[in-house]
Amino acid sequence: RDTARMALFYLDIDRFKHVNDTLGHPAGDELVRQTATRLQQTVREIDTVARLGGDEFAIILVDVRDIRAAEDVSERLLRKMQEPFRLMDDQVFVSASIGIALASGPQVDADDLLRKADIALYEAKKNGRGRHQVFAGDMDDLLLHKRKVENELRSALAGGTGIKLAYQPIFTADGRTIAGAEALIRWAHEIHGALPPQQFIAIAEERGMIGELGKWVLGEACRFAVGTQLPWVAVNVSPLQLRDGGFADEVALILAETGLAPSRLQLEITESVLLENNDTTRTILAALRQTGIRVALDDFGTGYSSLNYLRRHAIDKLKIDRSFVRLLDNDRSSTAIVKALVDLAIALDVEVTAEGVETEEQKALLVGMGCHQLQGYLLSPPLEPAQMLALAGP
Ligand code: C2E
Ligand code: CA
Ligand code: CA
Ligand code: CA
């Protein structure tokens with residue numbers, strides 16, 4: 001029987017930065033304030049809601065019967081967070097994630113409880129937004145607590161060890177010619193083995209390291225591309241990098257230092273970037289394109305597509321997200337969506353790449369629709385630099 005006296009929730013608003021900057025609400029504080037009120041109203045008077053800083057809260061429940069009871073409260077809180085917020089005459093939808101740790105003994109180690117809740121929160125986020133996760137004993141070694149990851153990432157970056165790039169060729173529609181390649185970061189972790197980028201990119205973003213990491217990726221990818229016959233190399237850029245007013249200069253400097261022609265660099269950005277009510281980002285993108293660098297819209301179809309932005313020709317290329325491509329063989333509505341996306345790209349005179357192509361059927365459908373380029377395991381997985389070099393030689 002799981003007895004518990006006390007539960008600690010570590011609650012974090014998902015994508016708060018996105019909401020805050022994207023919609024241009026100066027009142028990120030307002031959102032946090034309203035959140036605090038909601039949380040307070042949802043728990044009992046004897047429970048405590050405390051702001052931990054940023055958009056993170058600790059909620060302490062006393063006299064908790066068992067795990068089930070704690071989870072019920074957590075679900076109520078998460079539902080409450082999903083009700084629209086009214087901020088500056090606008091409706092804003094957010095979700096939150098919760099990590100739960102329970103104290104059942106007579107002694108409560110507050111630090112330990114918070115640490116466990118934080119680990120559980122990290123697990124919750126990994127499984128998608130708007131969820132909770134109860135801390136389990138085996139999480140500690142299974143995970144990579146984010147602070148640990150952060151430190152390790154810092155020393156990996158500083159020492160130039162462990163982090164490297166893989167290159168996935170992108171083919172023209174005939175499936176035979178290499179159009180270019182996408183640089184994908186890899187981190188061979190000493191203890192945890194190969195860590196997927198999703199796990200550590202978010203941490204780098206959260207902990208203010210993405211600028212440094214992104215710069216390293218750009219330099220490395222450009223240096224590599226210069227020594228190959230690759231028509232271009234594509235590099236993923238975090239939205240946070242584009243908020244830094246110095247980004248365009250930084251890229252120009254890297255191109256100058258490595259000697260890569262701007263036309264051989266593509267930057268992959270996500271839709272959220274275009275939504276930003278933020279002149280810096282747009283100015284930077286315009287400045288980059290002015291120099292001949294091309295900008296691709298990644299994961300197209302998954303976010304709020306800014307059709308206006310596309311219409312204004314501020315984008316050179318669309319990449320259809322693999323979640324659509326994956327469903328192509330047997331799902332009619334996905335087929336219709338992909339067809340619509342490809343038609344849109346063609347009508348706007350924008351190049352279109354399909355990612356995550358795994359089967360011949362998908363390939364045939366995509367080519368039939370008029371997709372210009374294909375990327376996916378069917379054609380090639382991401383390759384070690386040496387293998388990439390062998391394909392697109394010096
Ligand atoms: P993405 O930009 O959508 O990158 C494509 C991902 O799809 C890569 O995963 C690639 O290995 C995978 N992929 C390629 N073909 C197939 C396929 O046929 N089937 C399936 N199931 N997957 C396929 P990866 O390398 O794990 O990267 C994941 C994400 O991490 C990337 O998604 C990108 O958003 C991010 N990322 C990777 N490198 C960087 C980087 O240097 N900087 C930033 N900011 N983000 C990066
Ligand atoms: Ca957050
Ligand atoms: Ca990408
Ligand atoms: Ca993608």
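**Exercise 1. In this predicted model, decide whether Asp298 is buried or exposed, then work out which metal ions it serves.**

*Solution.* Start with accessibility: Asp298 has 8% relative accessibility, so it counts as buried, the cut-off being under 20%. Next, look at the ions around this residue. Asp298 bridges the calcium ion (ligand 3) and the calcium ion (ligand 4), and these two ions lie 4.2 Å apart.

**Exercise 2. List the protein donors of the calcium ion (ligand 3) and find where they sit along the chain.**

*Solution.* First collect the donor atoms: Glu182 (OE), Asn236 (OD1), Glu268 (OE) and Asp298 (OD) lie 2.2 to 2.3 Å from the ion. Then read their spacing in sequence, which is E-x53-N-x31-E-x29-D. Now place Glu182 and Asp298 on the fold: Glu182 belongs to strand E9 (residues 178-189) and Asp298 to strand E13 (residues 294-300), so this pair, 116 residues apart, links distant parts of the chain. Finally, check Glu182 itself: with 5% relative accessibility, this residue is buried too.

**Exercise 3. Check the length of helix H2 (residues 28-42), then find which of its residues are buried and which are exposed.**

*Solution.* Take the length first. H2 has 15 residues, and at 1.5 Å a residue it should span 21 Å; the end C-alpha atoms are 21 Å apart, which agrees. Now sort the residues. Gly28, Leu31, Val32, Gln34, Thr35, Arg38, Leu39 and Thr42 are the buried ones. They cover an arc of only 165° around the axis, so they lie on the same side of H2. A helix rule helps here: an α-helix has 3.6 residues a turn, so residues three or four places apart point the same way. On the other side of H2, Asp29 and Gln41 are exposed.

Conventions. Residues are numbered from 1 along each chain as its sequence is written. Chains are lettered from A and ligands numbered from 1 in the order in which they are written. This is a predicted model: local features need pLDDT of at least 70, side-chain atom pairs count only at pLDDT 80 or more; totals for chains, interfaces and linings use all residues. Side-chain values use heavy atoms; hydrogens and water are left out. Donors are N, O and S atoms within 2.8 Å of the metal (3.2 Å for Na, K and Ca); water is not among the atoms, so sites may look incomplete. Helices (H or I, at least four residues) and strands (E, at least two) are DSSP runs, numbered from the N terminus. Buried means under 20% relative accessible area, exposed over 50%, partly exposed in between (1.4 Å probe, protein chains only). The expected span of a helix is 1.5 Å times one less than its number of residues. The arc is that of the directions from the helix axis to the C-beta atoms.
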